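Here's a quick briefing to read with the sequence and the 3D view open side by side. Have a look at the chain first, then work through the notes below.

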Amino acid sequence: LLPPPPMKVKAAAQPPKVEDLTLPPNMSVPAGKAVLEVATSGAEHRAGVRFSGLICEAAGSRPVPFAEIWHLVKPVSGTSGWVVAGIEQLPRHPSR
């Protein structure tokens, strides 16, 4: 898989909301998203967001299914936005 393009997240003083997340263009065939968890630990907010749907891995290629959990972090204080701390790829189930 190609590394994912940067994800845009609106800056917010509150933990993320599903509607604040904008998917990169290669994940719009369509994709589902759901906030799995939001937690504050020390000086950091953390969130886990599950994305699933279809993705085109190369220009002109056919879309293939994907499912990932994106881990985001944001300082409790300050004005910096959410940053992707890691991406966990979930196993693909073979077509039947």
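Is Ser-80 buried or exposed, or does it count as partly exposed? Ser-80 is partly exposed, because its relative accessible area is 37%, and the bar for full exposure is over 50%. Keep in mind that you're looking at a predicted model. What you have here is a protein with six strands and zero helices, so the notes go strand by strand where they can.

**The overall picture**

- Walk along the sequence and you get the pattern β-β-β-β-β-β.
- The protein has 96 residues, and 22% of them are buried.
- About 6300 Å² of the protein is exposed, with carbon and sulfur atoms supplying 58% of that area.
- Take the contacts between residues at least 6 apart in sequence: 38% of them join residues at least 24 apart.

**The nonpolar core**

- The largest nonpolar core has eight residues: Ala-47, Val-49, Phe-51, Ile-55, Phe-66, Trp-70, Leu-72 and Trp-82.
- Two elements each give two or more residues to this core, namely strand S4 (44-55) and strand S5 (64-75).
- S4 makes the largest contribution, with four residues.
- As a general point, nonpolar side chains in soluble globular proteins tend to be buried together.
- Leu-72, one of the core residues, is found in strand S5.
- Leu-72 counts as buried because its relative accessible area is just 2%, where the cut-off is under 20%.

**How S4, S5 and S6 pair up**

- S4 and S5 run antiparallel to each other, paired over twelve bridges.
- In that pairing, Ala-47 stands opposite Leu-72 of S5.
- Ala-47 and Leu-72 are 25 residues apart in sequence, yet their C-alpha atoms are 5.1 Å apart in space.
- S5 also pairs with strand S6 (residues 83-89), again in the antiparallel sense, this time over six bridges.
- There, Val-73 stands opposite Val-83 of S6.

**Glu-37 on strand S3**

- Glu-37 sits in strand S3, which covers residues 31-41.
- Glu-37 has 49% relative accessibility, so this residue counts as partly exposed; over 50% would have made it exposed.
- Set aside the neighbours within four places in sequence, and Glu-37 is in contact with Arg-46, Ala-47 and Gly-48.
- Measure C-alpha to C-alpha and Glu-37 is 5.5 Å from Ala-47, with the two ten residues apart in sequence.
- Ala-47 therefore turns up both as a contact of Glu-37 and as a member of the largest nonpolar core, if you read those entries with the core definition in mind.

**Polar and charged side chains around the start of S4**

- Which residues form a salt bridge? Glu-44 does so with Arg-46, and their closest N and O atoms are 3.3 Å apart.
- A search of the whole structure turns up one salt bridge.
- In general, side chains of opposite charge can pair when their charged atoms come close.
- Both partners are partly exposed: Glu-44 because its relative accessibility is 29%, and Arg-46 because its relative accessible area is 42%.
- Arg-46 is also among the residues that Glu-37 contacts.
- His-45, placed in strand S4, counts as buried because its relative accessibility is 8%.
- The side chains of His-45 and Thr-40 are joined by a polar contact of 2.8 Å.

**The loop between S5 and S6**

- Back to Ser-80, whose place is in the loop between S5 and S6.
- Not counting residues up to four places away in sequence, Ser-80 touches Lys-74 and Pro-75.
- Gly-81 lies in the loop between S5 and S6 too.
- With 26% relative accessibility, Gly-81 counts as partly exposed, because buried would call for a value under 20%.
- What does Gly-81 touch, not counting residues up to four places away in sequence? Gly-81 touches Val-73 and Lys-74.
- Lys-74 thus appears on both lists, touched by Ser-80 and by Gly-81, with contact meaning heavy atoms within 4.5 Å.

Conventions:
Residues are numbered from 1 along each chain as its sequence is written. This is a predicted model: local features need pLDDT of at least 70, side-chain atom pairs count only at pLDDT 80 or more; totals for chains, interfaces and linings use all residues. Side-chain values use heavy atoms; hydrogens and water are left out. A nonpolar core is a set of buried Ala, Val, Leu, Ile, Met, Phe, Trp, Tyr and Cys residues joined through side-chain atoms within 4.5 Å. Buried means under 20% relative accessible area, exposed over 50%, partly exposed in between (1.4 Å probe, protein chains only). Accessible areas come from the Shrake-Rupley method with a 1.4 Å probe; for residues, only the protein chains shown count as cover. A polar contact is a pair of N or O atoms within 3.5 Å; within protein, one must be able to donate a hydrogen and the other to accept it, and residues adjacent in sequence count only if both atoms are side-chain atoms. A salt bridge is a side-chain nitrogen of Lys or Arg within 4 Å of a carboxyl oxygen of Asp or Glu. Two strands pair if DSSP finds at least two bridges between them.
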